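Reader: I should be grateful for a close look at the enclosed cavities of this protein. Please describe how they are lined.

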Amino acid sequence: MTTSAGWYLRRLSRMGPREVGGRASDAVRRRRWRSARPVFPSVTGARFTAVLPAGTIAAVEPEAAKRLVAEADRLMEGHAEYFGVPRHDLADPDWWYDPKTGRRAPWGYAFDVPYRNEDAVGDIKQIWELSRHQYLTVLAAAYAVTGEERYAERVAEHLRSWWAANPPLRGVHWISGIELGIRLLSWVWIRRLLGGWTGVTGLFEDNPVALNQIWHHQRWLSAFPSRGSSANNHVIAEAAGQFAAACAFGWFPASARWRAEALRSLERHLRGNTFPSGLNRELATEYHGLVLELGLAAVAEADAAGVPVPTSVRLVLLRMTDALAAVVDNRLRPPRQGDADDGHGLVVDGAGTDRWASLLATGGAVFGRLAWWPEVTATDVRTPLLAAFIRPYAKDGTPAVTRPARRPNHFADAGMTILRGPEEIWCRCDGGPHGFLSIAAHAHADALSVEVRHDGVDVLADPGTFCYHGQPEWRQYFRSTLGHNTLELDGADQSVSGGPFLWTRHARTRVLAADTSDKGVTRWSAEHDGYRRSVHRRRVELTGTSQELRIVDEVRGPRRAVRLAFHLGPAIAAELVGDWAMLTWTRDGEDRFAVLDLPGQLRWQAHRGESDPPLGWYSPGFGRKEPTTTLVGTGFADGTEGFTTVLRFRD
């Protein structure tokens, strides 16, 4: 799929004058760099000093080490899976190959590569993911834990292969700043984790090729930061990677300047990307996790290098950690809100490690867990590694800050409300802004949607994301209004899409009431103006004593066609009879039941695994989807009565 002239016009319309000027300067610089040959500075006496403190590896729990080594051994055999596509070529990978389409990205000047065109390049996510080198941090961590040199030797072999195949500014891996930033962070940790290997200095600081790559990565990031309407999680990854490298690899004349620039950018954009409540402004939970991981990794490098960090950086990360602890369900699963692409900041753990438990464990070690935090019993490798460097919050000189005395369930600035009931009932209500910045790149048209779980099982599910590029009909479905547990009018989305990462008109949502103080009955109501001439208002009430969730939808305005959708989780079996559905599932060997009473004014139909058009799907992770049941009621709203849905859980 090529990018049309219309898209460029729509994208330009979402930029301010400063951003337009900055992008014009970037374009001039790209043309100049095509022929310019920068003078790589002479480097002498480079030494890596940010080594693992004594006892760090001994703090890794045996269970976490076992998972890590099992994952490393799979990688050594050449096996991995990215975004639902298995790979068996990791013993000697082709860095430009996309196993999903079988295509290979073209060679040439980096900024000439049409990376958005899957027909010419392949699936860019598949190509880029391997070159984040996060599988190499896993191998390096396996070396640190076991001392087996075969892991270190494979890492060295692959780094040398990558550096030879990807000279500066040539090819697909020099296009996107987030990729360069995460790759730099991986290289810092690879160098650190291989610290006990005799060949490590010959691989890094005594290797002119490595020095050239590290210098060019930082030069690129300094020249081409994400700007304006694109200054979301990408700019934080760029700043974190640049800062980490300038601290750990501070061997170049420009290192001090790069470090200062990156820290200023990191501080500014961490604040800008985070609500005062601690939730991420993109309102996409996986990006909350990515930004938190990147921020913690950056602070670890600062403390390792003795570089002072503004107080606001640690405070933002503290608030983000408390917010994460607040919104997870009883199984430590956070909301499935907005886009999700399985992106991580630092990977040193094996398959089966709980990402969110790991973040909470790190937060507990660094900031101290509060009494209301959920218990974390899972183990991971990353927490002891980061905690070995980051000064504990109470000892880092940061002024005392008031943290929530009780678990917050309403985040007014983010428009997120969590209703909780007995028997581990968890319900997320969405009354927040339509994404972040003028393009709201990772937002979905999901205003007033609900997400309901019972003991961690998706009952009314957010279907997820599935894809970004190359499959426009699927991208559209998974971020559409019909693709969420909310109400659609006249077959249109609440917000207007201008492209796969661009919204040209944003629905405005207003929370009218949120009462989560009563343990017996919790309530929420909100409305949005996404449909011109009409207002959709929704009320949700959770009664704990009867384990009953009541949803009332009202449409104020002229008579309009309605579709009301409820997406069931993949574990839920449904029997639909008229406007009544019996839901069944199994949890820990026990049968569970619920009854869904649907609005009788609408005609109800069950959909499952349909492709033309897409309907009835659930994406457990990026690049993966599986059939699930979606109940859709069709009819008309004339403003005279509401649509009432009641979900009753049964023992």
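Author: In this predicted model, the lining of the second largest cavity divides into three nonpolar, five polar and three charged residues. The charged class is represented by E282, D430 and D446. Alongside these, the lining includes the histidines H434 and H444, the glycines G338 and G435, and Q337. L283, P433 and A443 also belong to the lining of this cavity. Its volume is about 70 Å³.

The largest cavity has a volume of about 100 Å³. Its lining holds seven nonpolar and four polar residues, and no charged ones. Among the residues that line the largest cavity are the leucines L279, L283 and L324, together with A284, V327, P335 and M416. N280, T285, H288 and Q337 line the largest cavity as well. Two helices, α13 (285–305) and α14 (311–327), each supply at least two residues of this lining.

The two linings may be read side by side. L283 and Q337 appear in the lining of the largest cavity, and L283 and Q337 also appear in the lining of the second largest cavity. The class make-up may be set out in the same way: the largest cavity has no charged residues in its lining, whereas the second largest cavity has three.

These two cavities belong to a wider set. With a cut-off of 30 Å³ or more, the count comes to six cavities.

Methods
Residues are numbered from 1 along each chain as its sequence is written. This is a predicted model: local features need pLDDT of at least 70, side-chain atom pairs count only at pLDDT 80 or more; totals for chains, interfaces and linings use all residues. Side-chain values use heavy atoms; hydrogens and water are left out. On a 1 Å grid over the protein atoms alone, a cavity is a set of points where a 1.4 Å probe fits but cannot get out, and a pocket is an open set with protein on both sides within 12 Å along at least five of seven lines; lining residues have an atom within 4 Å of a point. Grid points are joined across faces, edges and corners, and a volume is the space filled by probe spheres set on the points. Helices (H or I, at least four residues) and strands (E, at least two) are DSSP runs, numbered from the N terminus.
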